[in-house]
Every structure is written in structure tokens, then in C-alpha cells.
Amino acid sequence: MVDYLIIGGGLTGLLAARELRLTGAEVLLVERGELARESSWAGGGILSPLYPWRYPQAVTVLADWSRRHYVRLVADIQAESGLDSEFIQNGLLVQGSDESDQALSWAEQRDVEMLRVNAREAAELEPRLGLAVDGLWLPQIGQVRNPRLLQALIESCRQLGVQFKENCPVEELLYQDDKVTGAKTAKGDLLAKSVVVAGGAWSEQILAELDKGLGVEPVKGQMLLYKAEPGLVQRIVLSGGHYIIPRRDGHILAGSTLEYMGFDKTLTEQGRQQLQLAAEAIMPALAEVPIVNHWAGLRPGSPDGIPHIGMHSRVEGLYISVGHFRNGVAMGPASARLLVDLMLGREPIVDPTPYAWKI
Ligand SMILES: Cc1cc2nc3c(=O)[nH]c(=O)nc-3n(C[C@H](O)[C@H](O)[C@H](O)COP(=O)(O)OP(=O)(O)OC[C@H]3O[C@@H](n4cnc5c(N)ncnc54)[C@H](O)[C@@H]3O)c2cc1C
């Protein structure tokens with residue numbers, strides 16, 4: 001029997017596994033397929049909600065804490081794993097926002113640097129824009145390259161001594177009286193003193209009858225990948241709800257669609273066209289750049305995008321960290337830390353009330 005069983009090998013489960021292992025506990029992470037191949041792999045890695053001022057305080061609080069801790073976290077993970085997550089702080093340029101006053105007053109109340117920019121200043125920040133217009137500039141916003149961060153995190157967990165079981169779907173949770181005792185899988189029962197469900201969009205299936213009103217559902221997002229020479233795009237640029245994200249080596253991600261289609265991850269021509277049109281409107285030069293990949297992921301959607309983090313009120317030892325929706329990477333470090341604070345009875349980094357598992 002291990003101390004902690006984590007169900008789900010996405011960013012949420014992996015960050016929690018690392019935090020728990022750092023306390024010296026015995027941690028086993030079980031993953032249905034391969035580690036880190038679902039939403040966490042598919043995402044863009046922007047370390048801020050898009051249009052952050054539109055989000056509830058509960059999302060902002062986790063994103064703010066995470067933003068302040070990302071530099072240290074990726075450095076620690078790199079020291080443990082020897083792998084680079086490609087964290088870059090290249091800023092977010094928001095084009096044509098007509099919510100500038102609201103956004104600026106939101107930023108003023110927080111520790112977020114946000115500047116109004118006119119069309120000329122926008123063009124200076126990003127010289128090859130199709131149409132430079134007035135907007136907002138958030139220089140502190142950064143990004144990670146999701147697959148790199150995940151590989152580094154998996155390796156860091158391995159080095160620290162987290163145990164993994166891949167290709168091993170959890171069929172149901174196991175209980176004795178009012179206590180969770182582990183999980184049943186096709187490869188046998190996995191016993192643990194405490195269990196964390198971090199199954200992303202599939203969490204409701206794992207929780208089965210315990211899932212009362214969590215409202216976690218899959219929300220498909222398609223992405224396109226261009227391969228240009230490094231430097232064509234400098235900043236993350238957001239316009240009309242679509243964005244382009246430049247990676248260091250010249251790859252440029254264009255995202256994303258928001259589709260309520262159940263567990264269907266099919267790629268569509270309509271999705272591809274939508275992303276291509278939006279990306280090439282932001283930067284017409286992309287029309288000459290080859291598209292080298294197109295994929296989809298299922299976000300763990302939740303009402304208002306507020307994740308559920310905490311313990312079940314009646315089942316001892318059962319915890320969840322689910323429903324991070326569009327911001328699981330941006331909120332990841334704070335979300336993992338809050339979960340582990342609650343599990344260990346430590347003073348939580350933030351007020352846990354908005355994330356509590358309400359039954
Ligand atoms: C197109 C797209 C763009 C995005 N862009 C951003 C962004 O720029 N910034 C940002 O912050 N967020 C972004 N996101 C959202 C972010 O990726 C998610 O919020 C986050 O990755 C959720 O992580 P997770 O670990 O909870 O879920 P997942 O990564 O989906 O992991 C859940 C894991 O649980 C496993 N699992 C499920 N059922 C079982 C079972 N029965 N037994 C064992 N294992 C199981 C799954 O196989 C999976 O590996 C984006 C998402 C998408 C799809």
C-alpha cells in the first residue's frame with residue numbers, strides 16, 4: 001500500500017505527484033494511456049488566462065500565484081531532470097480590446113503590468129502584424145512549451161522516486177466503510193492511504209456516483225502548428241479570441257477552437273480553416289509558412305473555469321483536482337500546492353473556499 005495514489009498523468013496529476021513526493025511520501029501515479037498525452041500536451045502553454053480581467057477572482061488568485069512562482073519551478077524541475085521546459089517571458093499583446101479601461105483598472109489592483117499601446121507602439125512590439133491597432137501590452141506574461149515541460153516533469157518525478165503505472169485505466173474507486181482504499185484496474189487493485197483524482201475531462205467517469213454537480217465536461221480545442229524561421233513572431237498575440245504563440249525554434253502555434261462535442265477529438269476542416277484564417281489575419285506572412293501539424297485536445301471544462309480542489313466531505317482520504325478548463329497550465333503550480341496543503345493539513349497558500357468540493 002502506498003501513501004498516495006494519483007489517478008491521471010496530465011500536468012495536474014504530475015505536479016501533485018512531485019509536490020507529494022518532495023515531502024518524502026510514497027507516491028504512485030496511474031495513467032490510462034501514456035503519460036501526458038491529453039489536454040496538457042495539446043495546450044498552448046500561455047501562462048495567463050486570455051483576457052484575464054474577464055475571469056472570476058478564484059481563477060485570478062491561482063494564476064497570479066503561479067505566475068510569481070513559475071521561474072523558480074521550471075528551474076527546480078530542470079535541475080532535477082536536466083531538461084528545459086522552454087519557459088520564455090515574451091509578453092502578451094492584446095489587439096483591439098475595447099475593454100481597456102476595465103482591464104487597466106483590473107491590472108492596477110493587482111501586481112500585473114499592463115500598458116495601453118497605440119497602433120504605432122503595437123507595430124514596434126510586433127513588426128509584421130497584418131493590421132496594427134490600439135491594444136494592451138502585458139510584458140510579464142510568459143509561456144512554456146507544454147510537451148517539454150511535461151517531459152521534464154515526468155523525468156523529475158522519476159528522479160525523485162515517484163512510481164508510475166501506464167496503460168492502466170482505473171475502472172472504479174475502492175472503499176471500506178467511509179474511506180477510500182485505492183482503485184480497481186484491469187491489472188489489479190492499487191491500494192493507497194489517500195487517492196487523488198486528476199483525470200481531466202474524464203474525471204466524472206472515475207468518480208462515478210460520487211460526482212454530484214461538479215459539472216466537469218470535455219471541451220475540444222483544435223490547434224495548428226506552423227514552422228517558420230525563428231524570429232518571425234516575437235510575442236504572444238491575441239486578437240478576436242484567437243492567438244499565435246512563437247516558440248524559440250520558429251514553431252508557431254495558432255489556437256484554438258472551443259467545441260462542446262463530448263469526447264470526440266476528430267480534427268475538422270472547418271476548425272483548420274478557422275484557425276488558419278485567424279492566424280493569417282493577425283500575421284499575413286504566415287500564409288507563406290508551412291503548416292506542419294494539426295491536433296485536438298479535450299479541456300476539462302467547468303462552470304466559470306474554476307477548478308475543484310479539495311477533499312470529499314464524507315469519503316475519508318479522497319481528493320480531487322479537476323476542472324481547470326482553459327487555464328490548467330497557468331494555474332498549475334498554485335493548484336498543486338493548494339491541493340497538497342489541504343492534504344497535509346498545512347496552512348493553505350490561498351483561501352480554499354471557492355474550490356471546495358460542494359456536495
Ligand atoms: C487546445 C488547447 C489549448 C490550451 N491552451 C492553454 C494555455 O495556453 N494555457 C493554459 O493554462 N491552459 C491551456 N489549456 C488547458 C490545459 O491544457 C488544461 O487545463 C490542463 O492541461 C488540464 O490538465 P489535467 O492534467 O487536469 O488534464 P489532462 O492533461 O487531460 O490529464 C488527465 C489525464 O487523466 C488520464 N485519465 C483519464 N481517465 C483515467 C482513468 N480512468 N484511469 C487513469 N487515467 C485516466 C488521461 O488519460 C489524462 O492523461 C489548453 C487546452 C487545449 C486543449
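The paragraphs below lead through a predicted model, beginning with its domains and ending with a few unusual backbone positions.

The domain assignment divides the protein into domain 1 (2-81 + 146-215 + 303-355) and domain 2 (92-141 + 217-301). Their C-alpha centres are 27 Å apart. Where the two domains touch, domain 1 contributes 21 residues and domain 2 contributes 26 residues. On the side of domain 1 that touches domain 2, the largest share, 3 residues, is supplied by helix α2. That side of domain 1 is made up of 9 nonpolar, 9 polar and 3 charged residues.

The ligand can be placed with respect to this division. Both domain 1 and domain 2 give residues to the shell around the ligand, and the ligand therefore lies between them. Of the 41 residues around the ligand, those that come nearest are G10, G43, G200, G221 and G328. The elements that supply two or more residues to this shell are α1 (11-21), α2 (39-42), β10 (217-227) and β14 (291-301). Sorted by class, the residues of the shell are 16 nonpolar, 20 polar and 5 charged.

Helix α1, one of these contributing elements, deserves a closer look. All of its residues, 11 of the 11, are buried, so α1 is largely enclosed by the rest of the structure. The buried residues include the charged side chains R18, E19 and R21, and also L11, L14, L15 and L20.

Strands β10 and β14, which also give residues to the shell, belong to an open sheet of 8 strands. Across this sheet the order is β4-β5-β3-β11-β12-β13-β10-β14, and the pairing is mixed. Strands β4 (115-117) and β14 stand at the edges with a single partner strand each, so one side of each has no neighbour in the sheet. From one strand to the next, the twist averages 20 degrees. In general, the strands of a sheet pair through backbone hydrogen bonds, in either a parallel or an antiparallel sense. The pair β10 and β14 is antiparallel and is joined by 10 bridges. Within this pair, V219 has R299 in β14 as its bridge partner. Helix α8 (residues 269-282) lies across β10, β11 (236-239), β12 (242-246), β13 (251-255) and β14, and runs at about 55 degrees to β10.

A further set of strand pairs centres on β9 (residues 188-197). Strand β1 (residues 2-7) pairs with β9 in the parallel sense over 5 bridges, and V2 has A192 in β9 as its bridge partner. Strand β8 (residues 179-185) pairs with β9 in the antiparallel sense over 4 bridges. K184 stands opposite D189 in β9, and the hairpin formed by β8 and β9 has 2 residues between the strands. Strand β9 also pairs with β16, in the parallel sense and over 3 bridges; here the bridge partner of V195 is L318 in β16.

Toward the end of the chain, L338 is found in helix α9 (residues 332-344). L338 has 26 C-beta neighbours inside 10 Å and therefore counts as buried, the threshold being 20 or more. Apart from neighbours within four places in sequence, the contacts of L338 are I309, P348, I349, V350 and P352. By comparison, the C-alpha atom of Q234, 104 residues away along the chain, is separated from that of L338 by 34 Å.

Some backbone positions remain to be described. Most residues other than glycine have a negative phi, and most peptide bonds are trans. A36, which is not a glycine, has a positive phi of about 55 degrees. A36 lies in the loop between β2 (27-30) and α2 and is buried, with 21 other C-beta atoms within 10 Å. F325 likewise has a positive phi, near 45 degrees. F325 is located in the loop between β16 (318-322) and α9, and is buried with 23 other C-beta atoms within 10 Å. The peptide bond from G255 to S256 is cis, with omega near -20 degrees. S256 has its place in the loop between β13 and α8, the helix that lies across β13 and other strands of the sheet, among them β10 and β14.

How values were computed
Residues are numbered from 1 along each chain as its sequence is written. This is a predicted model: local features need pLDDT of at least 70, side-chain atom pairs count only at pLDDT 80 or more; totals for chains, interfaces and linings use all residues. A residue is near a molecule or strand if its C-beta atom, placed from the backbone, lies within 6 Å of it. Domain bounds come from an automatic or database domain assignment. Two strands pair if DSSP finds at least two bridges between them. Axes are lines fitted to C-alpha atoms, for helices over the stretch in contact, and angles run from 0 to 180 degrees between N-to-C directions. Two residues are in contact if their C-beta atoms, placed from the backbone, lie within 7 Å. A residue is buried if 20 or more other C-beta atoms lie within 10 Å of its own, exposed if 12 or fewer, and partly exposed in between; C-beta atoms are placed from the backbone.
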